[in-house]
Amino acid sequence: MQRHDGDDDLTLRAACPPVVSDTSARPAHGAGAGADADEARTDEARTDEARTDVESEIQADVAILGAGSAAEILVGALSGSPLSIVVFEPSLVGGQCPFVACMPSKAMLHDAAVGRRWDTAVARRRDVVDHLDDGRHASSLQKDGATLVRSAARFVDPTCVEAGGRRYRVRHIVIATGADSVVPPIEGLGELDDVVWTSADAMRAEERPTRLAVIGGGVVGCEMAQLFAGFGTEVHLLDVAERAFPDLYPQVGEIVDDALRARGVKICRGATVEAASRRGGNVRLELSNGSSVMTDRVLVATGTRPRLQELRLDRIGVHVVDALPVDDSGRVAAPGSIWAIGDVAGRGEYTHLAKHQAQVVANHLDGDGSRRFDDVVLPACVFVEPPVMTVGPTRRELEGDDDVVWATGELSEIPRWSTDELIGGFLAVAARRSTGCLVAAHGAGARFDELVHALVVAIDGEVPVRRLAMSMQPFPTVGEVLGPIYRRLLTQLD
Ligand SMILES: Cc1cc2nc3c(=O)[nH]c(=O)nc-3n(C[C@H](O)[C@H](O)[C@H](O)COP(=O)(O)OP(=O)(O)OC[C@H]3O[C@@H](n4cnc5c(N)ncnc54)[C@H](O)[C@@H]3O)c2cc1C
């Protein structure tokens, strides 16, 4: 879609009020603000129905449903455009990343690593999450020219949404409602609400459990296991996969599992949790391999589901249960101009991916429409110690592709390994014979959460392996691991 200049947009902008702020839904300061706002949202949903018919429609160019990381970047990217924007958010403006996900988890992982006590870490976490005050995020949206409506929104039709008792007639609608943690259907778990946590609950917790069972050993599960073990909680990590990150080279999962075990995490792999029950003051989890685990709390990290249930997608002819039909430009397969960005788009759950998708959709709403979700490579990190990094497709995704060659290296090959007493460290890099350029990389090792940038640049810049193999890496850095790998790749490409 091309840029929309002209009188039409200016008329729409003028018709849209600068601020429509329903303060009844504004989250309170302090712990639990998210939950309070959720209740407010439910109440509003009930009253919305009654009020919408009697209120007149407000006009705008773009409606953004949700004010998380994706929405914030979209508003920023459109701020110089003539488009009038209205953003709907029933909970904390800023979404999960700053308040209950990335930021508090990274802060607490750091605190555990440097030996701080739980109470100190909780106090610092309150500062890091701005005491759950989203004022900074809200004013930034408004400074960028958006109208913020503190209510949940849902579709009326492909060019209209309703929220807080009003209807908004718009030209473009962007769904940016994020994703919810899913509690797996384990027998008995549903009756243990008071002891079952999602990661968001864990990141609001004031008390540290003595024992914690983490169900699910993916990115969130591994980070949570390391975090709580670091503060002295007895952690069990339970996962159906035989090793961590099974889509990558096995060495990566082995390094992660070894590092978690070294911190005292008890890992049970290759078994599913089949039942949960209360035993006195304990919770008992029964596993498919016949063993059981006694714990105080259960943290579920088994996946998420896009937040679509309240949106009334049926009113735009979309009938989905789990995933939105979204193409590579972010457009939803529905009538009108409807887009999806961030976790709800179902392409991966990372803040940087949400931000990238926002830039892509901004380019379609107010640009030449040339950008795509996959026009740059996707990197990701898992912030365990040592960190895991991936760039591009996994080993499993590239399996059977005869055009692809891999070369690997160990951190123990490089001097920094012995000077800094590093533990483990493995990197695998793939290149294409047809292009002579890198296509993917992954590994686990000290400082790999920064080393990742070198590989992102090499892949996005389409730098030939022949050229990479000539580059210098400063001595003695972890990045020296790249040199021998590039040279090994070159021998396979020649
Ligand atoms: C524990 C944890 C740690 C993480 N750590 C990292 C990390 O280190 N690095 C990284 O890149 N990613 C990390 N992530 C993932 C990252 O947090 C998400 O990918 C990112 O926050 C998604 O942003 P979003 O804008 O799509 O969704 P959200 O931030 O969830 O925002 C969506 C917003 O939509 C609102 N909403 C819902 N329904 C409606 C409606 N009907 N109308 C209006 N608004 C609505 C919600 O209230 C919410 O505020 C982590 C996730 C978790 C759980």
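**Strand pairing, helix packing and the nonpolar core**

In strand β11, residue R269 is the bridge partner of D239. The model in which this pairing appears is a predicted one. The pairing belongs to a parallel arrangement, in which strand β10 (residues 234-239) is joined to strand β11 (residues 266-269) by four bridges. Together with helix α10 (residues 250-262), strands β10 and β11 make up a β-α-β unit that is right-handed.

Antiparallel pairing is found in an open sheet of five strands, whose order is β18-β19-β22-β21-β20. The edges of this sheet are formed by β18 (379-382) and β20 (404-410), each of which has a single partner strand, so that one side of each is left without a neighbour in the sheet. On average, and with direction ignored, neighbouring strands of the sheet are turned by 15° against each other. At one of these edges, β18 pairs with strand β19 (residues 388-391) in the antiparallel sense over four bridges, and V382 stands opposite V388 of β19. As for the other edge strand, helix α16 (residues 482-493) lies across β20 and β21 (426-432), and this helix runs at about 150° to β20.

Packing between helices is illustrated by helix α5 (residues 102-113) and helix α6 (residues 118-128), whose axes come within 9 Å and cross at roughly 150°. The crossing of α5 and α6 is right-handed. On the side of α5, the contact is made by M103, P104, A107, M108, D111 and A112, while α6 contributes T120, A121, R124, R125 and V128.

Helix α3 (residues 69-78), by comparison, is described through its burial, being mostly covered, with nine of its ten residues buried. These buried residues are S69, A70, A71, E72, I73, L74, V75, A77 and L78, and they pack against elements that include both strands and helices, namely β1 (57-65), β2 (85-88), α4 (96-100), α7 (135-143), β6 (166-175) and α11 (351-365).

The largest nonpolar core comprises 142 residues, and those with the most contacts inside it are A63, L74 and V87. Of these, L74 is also among the buried residues of α3. When residues up to four places away in sequence are not counted, V87 touches I64, A67, A71, V75, L141, A146, L148 and V149. Two of the residues touched by V87, A71 and V75, likewise appear among the buried residues of α3.

Key. Residues numbered from 1 in each chain as written. Predicted model: local features only at pLDDT ≥ 70, side-chain atom pairs only at ≥ 80, totals over all residues. Pairing = 2+ DSSP bridges. Axes fitted to C-alpha atoms, helices over the stretch in contact; angles between N-to-C directions. Contact = placed C-beta atoms within 7 Å. Core = buried A, V, L, I, M, F, W, Y, C linked by C-beta atoms within 7 Å. Buried ≥ 20, exposed ≤ 12 C-beta atoms within 10 Å, placed from the backbone. Right-handed = clockwise from strand over helix to strand, strands pointing away. Left-handed = near helix turned anticlockwise from the far one by under 90°.
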